[in-house]
Amino acid sequence: MRLAIAYLAVATVAWGAPVTLKIRLPKGVVEMDVEHYVASVLAGECSTFRSDEAIKAMAVAARSYGLNLRGRHTAEGYDLCSTTHCQRVEPNAVTERLASLAAQTSGELLWFAGKPAFACYSKSCGGHTEDGGEVWSTQRAPYLRSHADPYCTRQSSSEWHWTAPAIEIAAALRFSQLRTPAEIRAINVLRRNVSGRVRELELVGDGERVRVAASSLRFAIGRALGFQTLRSDLWQVAVSGGRITFTGTGDGHGAGLCQLGADQMGSEGHGYREILAFYYPGAPVGVSARGLQWRRMGGESVSLMTTQPDGSVLPIAERLIREITHRYGWTAPAGIEIRVYPDVETFRNATGEPGWVAARTTGRRIELQPAATLRGALDSTLRHELLHVFVGAQSIGGLPVWFREGVVGYLENAAGTKPAAAPEVDIRQTDDAGKARRAYAAAARRVADLAAKYGEASVLAWLRTGLPPEVK
């Protein structure tokens, strides 16, 4: 149960709040709830799957991929397009089955380093997935490393054949402004990736040799002659009688989840989490941030968990603990832990709190935004959260929220002048920072009034004994 949150004077959108995306459809830009978007992607990308578990795996991958790329088209006035450039979206084709399967994974994402993973996928990997870094130089992530996929080829052969006149292929390359011999006499494969896909090739003409990237060849042919021609970069080639013939396997870039293999895994009884673990190893599934590499720094009374060295938090926390124990005669609870997140986005992803929440305390764990983000408020924020740890350690069950929050506010001298009354429910909401601050201030003022009437010692004793009937 969340015991405390400290607020910043910055307003941002909470990751845990309902997220909408602006999607460019053929009829124009529309705003979609994320879950409706995911169901629409399922309709566009995998509606023919036999396996419900494979569709659920696709739902998690599509949700992760979409939120990873959110804002990709900001310059054009929307987040994502509805074509395969982002993900194919077909809102009008969503069936009850697809909507239900998407809902069964609602909010679940693949995570890497505290952020939604780049969960790419393709129709068929041809028996061996591709390394993400070979397709996109910025995606050399460990969960996108190349590996064998026996499930892809177990369902059916993904072998394909395509042939065309050499002169037609040369024209297609020139259309995309790629250099090519006037007449292609031979094609030599110069280099293949670990997955076996062609990376670089050589076009041989009369007295001319031209090096071309395999991906450039495929896209040039696709633009001019259709993308169902050269379906992947996993191929062999032969030139004979003025024609070029490609024989290959796979369909698409092959990185990440293989749809053909995932559907086969689901049909063999594997659950959607098993499918995701096979295709994205090291990217755990969850509704809040995962995959952070924590380092532990131990102090006298508190341990600090951080993803990067930070020498500012631990000595401040130790000093504040000494001050609190001396001032109130309390014993420091054992097992106090402070987790400092690397950035505001990861803090929001992990806790579900909006960006204007500086920290939160659950039991004896304090979760904190980066010290640099607090802009001089680190001392006061840590004091607030540590007071919650101490108050929580003194408290019996059943105490009302306003009293526990109010005691902390009173102890840190945050009551100030008497505020307007505010409902207790406003303490827990995170949609409106102003309402929350007023509710906390009202609770602190109420405790301050009780301390003036009954004495501070009596009010603090109520933490252990419960509120007297007249206060209840």
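How many positive and negative side chains does the protein chain have, and how far apart do the centres of the two sets lie? In this predicted model, the count comes to 54 positive and 47 negative side chains, with the two centres 2 Å apart.

The overall dimensions come next. The C-alpha atoms of the protein chain occupy a box of roughly 100 × 45 × 45 Å along the principal axes. The radius of gyration is 29 Å, whereas a compact globule of 472 residues would have one near 23 Å. The secondary structure comprises 16 helices and 20 strands. Of the 472 residues, 53% count as buried, and the chain exposes about 21,000 Å², of which carbon and sulfur atoms supply 50%. Among contacts with a separation of 6 or more, 67% link residues 24 or more positions apart.

The interior can be described through its nonpolar cores. In soluble globular proteins, nonpolar side chains tend to be buried together. Here the largest nonpolar core holds 67 residues, and the members that touch the most others are L110, L257, Y279 and Y280. Helix α2, spanning residues 52–68, gives the most to this core, with 10 residues. A second, separate core of 45 residues includes I316, I321, I336 and L460. Returning to L110, its contacts beyond four places in sequence include V60, A61 and S64. Other partners of L110 are K115, P116, A117 and A119, along with L276, Y280, A283, P284 and V285.

A short distance along the sequence from L110 comes a residue with a notable backbone angle. Most residues other than glycine have a negative phi. A113, however, has a positive phi near 55°. This alanine is found in the loop between β5 (109–112) and β6 (115–116), and it counts as partly exposed because its relative accessibility is 34%, between the 20% and 50% cut-offs. A113 is also a contact partner of G291, as are G114 and P284. G291 itself belongs to the loop between β15 (285–286) and β16 (295–298), and at 28% relative accessibility it too counts as partly exposed. P284 thus appears in the contact lists of both L110 and G291. By contrast, the C-alpha atoms of G291 and L386 are separated by 26 Å, with their positions 95 residues apart along the chain.

Two further residues have positive phi values. Q177, which is not a glycine, has a phi of about 60°. Its place is in the loop between α6 (166–175) and β9 (186–192), where it counts as exposed because its relative accessible area of 75% is over 50%. N413, which follows helix α13, has a positive phi near 55°.

Helix α13 itself, covering residues 401–411, is mostly covered, with 11 of its 11 residues buried. The buried residues in α13 include the aromatic-named positions W402, F403 and Y410. Also buried in this helix are R404 and E405, together with V401, G406, V407, V408, G409 and L411.

Which residues does Q139 contact, leaving aside its neighbours within four places in sequence? The partners are F118, G132, G133 and L144. Q139 lies in the loop between α4 (132–135) and α5 (150–155). It counts as buried because its relative accessible area, 16%, is under 20%.

Two strand residues complete the picture. L80 lies in strand β4, residues 80–81, and is buried, with 1% relative accessibility. Its contacts beyond four places in sequence are L21, K22, I23, R24, Y37, G66, L69, R70, R72, H73 and C86. L80 and T163 are 83 residues apart along the chain, and their C-alpha atoms are separated by 35 Å. E367 lies in strand β20, residues 365–368. Is this glutamate buried or exposed? At 6% relative accessibility, E367 counts as buried. Around E367, the contact partners beyond four places in sequence are R339, Y341, F347, T351, A358, A359, R360 and T362. E367 and E53 are 314 residues apart in sequence, and 34 Å separates them in space, C-alpha to C-alpha.

Conventions. Residues numbered from 1 in each chain as written. Predicted model: local features only at pLDDT ≥ 70, side-chain atom pairs only at ≥ 80, totals over all residues. Heavy atoms only, no water. Helix = DSSP H or I, 4+ residues; strand = E, 2+ residues; numbered from the N terminus. Rg over C-alpha atoms; globule rule 2.2 N^0.38 Å. Buried < 20%, exposed > 50% of the residue type's maximum accessible area, 1.4 Å probe, protein only. Contact = heavy atoms within 4.5 Å. Areas by Shrake-Rupley, 256 points an atom, 1.4 Å probe, with all protein chains shown as cover. Lys, Arg positive; Asp, Glu negative; His and termini not counted. Charge placed at Lys NZ, Arg CZ, Asp CG, Glu CD. Core = buried A, V, L, I, M, F, W, Y, C linked by side-chain atoms within 4.5 Å.
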